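Student: Please take a close look at one part of this model, the open sheet and what packs against it. I would like one connected account.

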Amino acid sequence: MGSVSAEKIPLLTPYKMGKFNLSHRVVVPPLTRCRSYGNVPQPHAVLFYSQRATRGGLVIAEATGISDTAQGYPDTPGVWTKEQVEAWKPIVNAVHDKGAVFICQIWHVGRVSNYGYQPNGQAPISSSEKQVSPQPQHDGSVSLYSTPRQLGIDEIPHIVNDFRLAARNAIEAGFDGVELHGAHGYILEQFMKDGVNDRTDQYGGSLENRCRFALEVVEGVVEEIGAEKVAIRLSPFATEADCWDSNPEALGVYMVRSLNKYGLLYCHITEPRMTFEEGKLMIPHRLHEMRKAYEGTLITAGGYDRDEGNKVVQEGYADLVAFGRLFVANPDLPKRFELDAPLNKYDRTTFYTSDPVVGYTDYPFLEVSKEKNEYKQKTLKEAQECQAVLGSITLT
């Protein structure tokens, strides 16, 4: 990683994750960007992901739908059609050309949707018929959600199969593996958490029953592509989209203990974001029991900065640390961490817009030498060329 001693920077020390030899522990997490027009990955994603890829780094692609019922946001990518698989291939190749490991996060939003996103205007599916309350967004708008339909027991295997097929398609596209999105209020959490799941059958009630669906998905995908290519993201402490649990620590510990037998590539956990304590921002650090219970690689995320990331790696609290908003604005984040350089400020208003360049591939790289400056100019030139090409494509 350069002249600065990595021994002084825990985030920049190597790590063996499954068969992958990572050169550092600074992870690009899944970042929904809403720029996959018509649910098909676009050419501008080649630049976005390759900008953030480093030799021996871990990159996790944005949440990618497993079926036409999985959608709940505009222009999020999918991996259930041949067209989508083919569109992913040049993006995957570009990341691999940079020497990075590339994982595809696959998801189903469940009830975090409305009739407009569903085929034939049908009701979104979920563990129950509980509707998500209107949710304020970053741009001041309010998202509205339709009343979901409770999945029948006979339908659950079909959703498991959708996850299997999406995983197989991701591998066909060239990804090194998949991360199952079991976090942030989406369908797997809608079953896991008692704030949503009010079922009285074998998929509801007890902790074991509520986690049954998620673990069936894990097992199905492991059977499909192999445990060494499967990971999962969890967020037991989160309450996004009205999805909460009365005992999140018990839920988290039960899930990671249940996952141990599969030998997954990693478990990626979102912590509660920083809270204001004693006059400064503090991370709650609630993963201790899960860390003790889980036998594999653990990635943490949740508002970390360089110093906090170094601290949790040094102390063994987590193996790898994901930096979402910082990676949006700093494509060369590991280099900036190495040099303890200033960071670009992110613009939240452009997180989810549809522009193929602005707020996406136009954040500047660190100028540390003439050579680096030339690389920055080349990158911006590539972005401009990408925009010109897109301008000549008719989008449907």
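Tutor:
**The sheet and its surroundings**

Helix H1 (residues 44–52) lies across E4 and E5, and its direction runs at about 150° to E4. A second helix, H6 (residues 248–259), also packs on the sheet, where it touches strand E11 (230–234) and strand E12 (266–270). The direction of H6 makes about 175° with that of E11. The model is a predicted one.

The sheet itself is open and has eight strands, in the order E3-E16-E15-E12-E11-E10-E5-E4, with parallel pairing. Strand E3 (26–27) and strand E4 (58–65) stand at the edges; each has a single partner strand, so one side of each is left without a neighbour in the sheet.

From the E4 edge, the pairing is as follows. E4 and strand E5 (residues 101–107) are joined in the parallel sense over six bridges. Within this pair, Thr64 stands opposite Ile106 of E5, and Ala61 has Cys104 as its bridge partner in E5.

E5 is largely enclosed by the rest of the structure, because seven of its seven residues are buried. In a regular strand, side chains alternate between the two faces of the sheet. In E5, Val101, Ile103, Gln105 and Trp107 point one way, while Phe102, Cys104 and Ile106 point the other way; all are buried. The two bridge partners named above, Cys104 and Ile106, thus belong to one group of side chains, the one that also holds Phe102.

Further along the sheet, strand E10 (residues 177–182) pairs with E11 in the parallel sense over five bridges, and Leu180 stands opposite Ile232 of E11. On to E12, four bridges join E11 to that strand, and the two run parallel. Here Arg233 stands opposite His268 in E12.

E11 is mostly covered, with five of its five residues buried. Val230, Ile232 and Leu234 point one way from E11, and Ala231 and Arg233 point the other way; all are buried. The buried residues of this strand therefore include a charged one, Arg233, with a relative accessible area under 20%.

Several residues of the sheet and its neighbours recur in the nonpolar cores. The largest core has 87 residues, and those that touch the most other members are Tyr49, Ile106, Phe163, Leu180, Phe213 and Phe323. Ile106 is the residue opposite Thr64, and Leu180 is the one opposite Ile232. The largest share of this core, nine residues, comes from helix H5 (residues 207–225). Apart from it lies another core, of 16 residues, among them Met17, Val27, Val101 and Ala301.

Phe323 can be followed further. Neighbours within four places in sequence aside, Phe323 is in contact with Leu11, Val26, Val27, Pro29, Tyr304, Asp305, Arg306, Gly309, Leu333 and Phe337. Two of these contacts, Val26 and Val27, lie in the edge strand E3 (26–27).

Arg306, also in contact with Phe323, forms a salt bridge with Asp307, at 3.8 Å from N to O. At 16% relative accessibility Arg306 counts as buried, whereas Asp307, at 55%, counts as exposed.

Other charged pairs can be set beside this one. Side chains of opposite charge can pair when their charged atoms come close. The structure holds 16 salt bridges. One of them joins Glu172 and Lys82, whose closest N and O atoms are 3.1 Å apart. This pair links distant parts of the chain: Glu172 is in helix H3 (residues 156–172) and Lys82 in helix H2 (residues 82–97), 90 residues apart. Glu172 is partly exposed, at 40% relative accessibility, and Lys82 is exposed, at 53%. Arg149 and Glu155 form another salt bridge, at 3.0 Å from N to O; both are partly exposed, Arg149 with a relative accessible area of 35% and Glu155 with 22%.

For the protein as a whole, the secondary structure comes to eleven helices and 16 strands. Of its 396 residues, 57% count as buried. Among contacts with a separation of 6 or more, residues 24 or more positions apart account for 71%.

Notes
Residues numbered from 1 in each chain as written. Predicted model: local features only at pLDDT ≥ 70, side-chain atom pairs only at ≥ 80, totals over all residues. Heavy atoms only, no water. Salt bridge = Lys/Arg side-chain N within 4 Å of Asp/Glu carboxyl O. Buried < 20%, exposed > 50% of the residue type's maximum accessible area, 1.4 Å probe, protein only. Core = buried A, V, L, I, M, F, W, Y, C linked by side-chain atoms within 4.5 Å. Contact = heavy atoms within 4.5 Å. Pairing = 2+ DSSP bridges. Axes fitted to C-alpha atoms, helices over the stretch in contact; angles between N-to-C directions.
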